Amino acid sequence: MPVDFSGTWILFSNDNFEGYMVALGIDFATRKIAKMLKPQKVIKQDGDSFYIHTTSTFRDYLLQFKVGEEFEEDNKGLDNRKCKSLVTWENDRLVCIQTGEKKNRGWTHWLEGDDLHLELRCENQVCKQVFKRA
Ligand code: VL7
């Protein structure tokens with residue numbers, strides 16, 4: 001059975017989100033608000049087609065892509081930097097490389113037990129998030 005990330009997920013832990021946001025150049029006031037949020041993710045997966053909607057009371061971000069097909073990402077409402085993004089499978093992990101102004105930018109999703117894990121990378125910073133099913 002292939003892995004299925006579909007579902008509604010709520011943020012449970014968020015390690016070094018501050019370092020990740022600093023690496024992205026997010027200003028102090030925005031970081032203060034962002035740190036307080038408990039974002040949810042709604043993921044709809046149809047084979048290799050993904051819809052990932054990250055929502056919060058402050059901002060939300062919608063990403064749609066197909067695994068293996070490079071796309072332009074605008075990061076609107078996040079750091080607003082455009083990049084070229086490519087998501088691939090590495091075994092059961094979904095790995096995104098975001099090529100652009102920021103070095104070493106990307107993320108990895110995987111499932112562990114019934115938890116959704118997300119590692120967010122930018123420059124030398126790694127943020128580790130764990131989500132629980134809503
Ligand atoms: C998306 C936030 C910090 C700005 C607001 C914080 C709003 C809710 O890219 C992401 O997830 C991938 C994988 O699931 C799909 O797009 C993470 C949150 C990163 C970066 C920037 C702070 C302002 C948080 C949208």
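**The ligand and its surroundings**

Let me start with one contact: in this structure, which is a predicted model, a polar side-chain atom of His109 lies 2.8 Å from an oxygen atom of the ligand. Lys41 makes a similar approach, since one of its polar side-chain atoms also lies 2.8 Å from an oxygen atom of the ligand. Both residues belong to the group that comes nearest, which is made up of Lys41, Ile52, Tyr61, Leu63 and His109, out of 18 residues around the ligand in total.

How much of the ligand does the protein cover? On its own the ligand has 620 Å² of accessible area, and the protein covers 97% of that. The space that the ligand takes up is the largest cavity.

Turning to the elements around it, those that give two or more residues to the shell are helix 1 (17-23) and helix 2 (28-36), together with strand 3 (49-55), strand 4 (60-66), strand 8 (106-112) and strand 9 (115-122). Helix 1, with three residues, gives the most. By residue class, the shell divides into 13 nonpolar, three polar and two charged residues.

Finally, a word on annotation: an unreviewed UniProt entry places the feature "domain: Cytosolic fatty-acid binding proteins" at residues 7-24. In the model, that span is 39% helix and 50% strand, and its end C-alpha atoms lie 28 Å apart.

Key:
Residues numbered from 1 in each chain as written. Predicted model: local features only at pLDDT ≥ 70, side-chain atom pairs only at ≥ 80, totals over all residues. Heavy atoms only, no water. Near = heavy atom within 4 Å. Polar contact = N/O pair within 3.5 Å; in protein donor to acceptor, adjacent residues only side chain to side chain. Areas by Shrake-Rupley, 256 points an atom, 1.4 Å probe, with all protein chains shown as cover. 1 Å grid on protein atoms, 1.4 Å probe; cavity = no way out; pocket = protein on both sides within 12 Å on 5 of 7 lines; lining within 4 Å. Sits in = over half its atoms within 2 Å of the grid points. Helix = DSSP H or I, 4+ residues; strand = E, 2+ residues; numbered from the N terminus. Nonpolar A, V, L, I, M, F, W, Y, C, P; charged D, E, K, R; others polar. UniProt positions renumbered as here; feature names shortened; annotations may be inferred.
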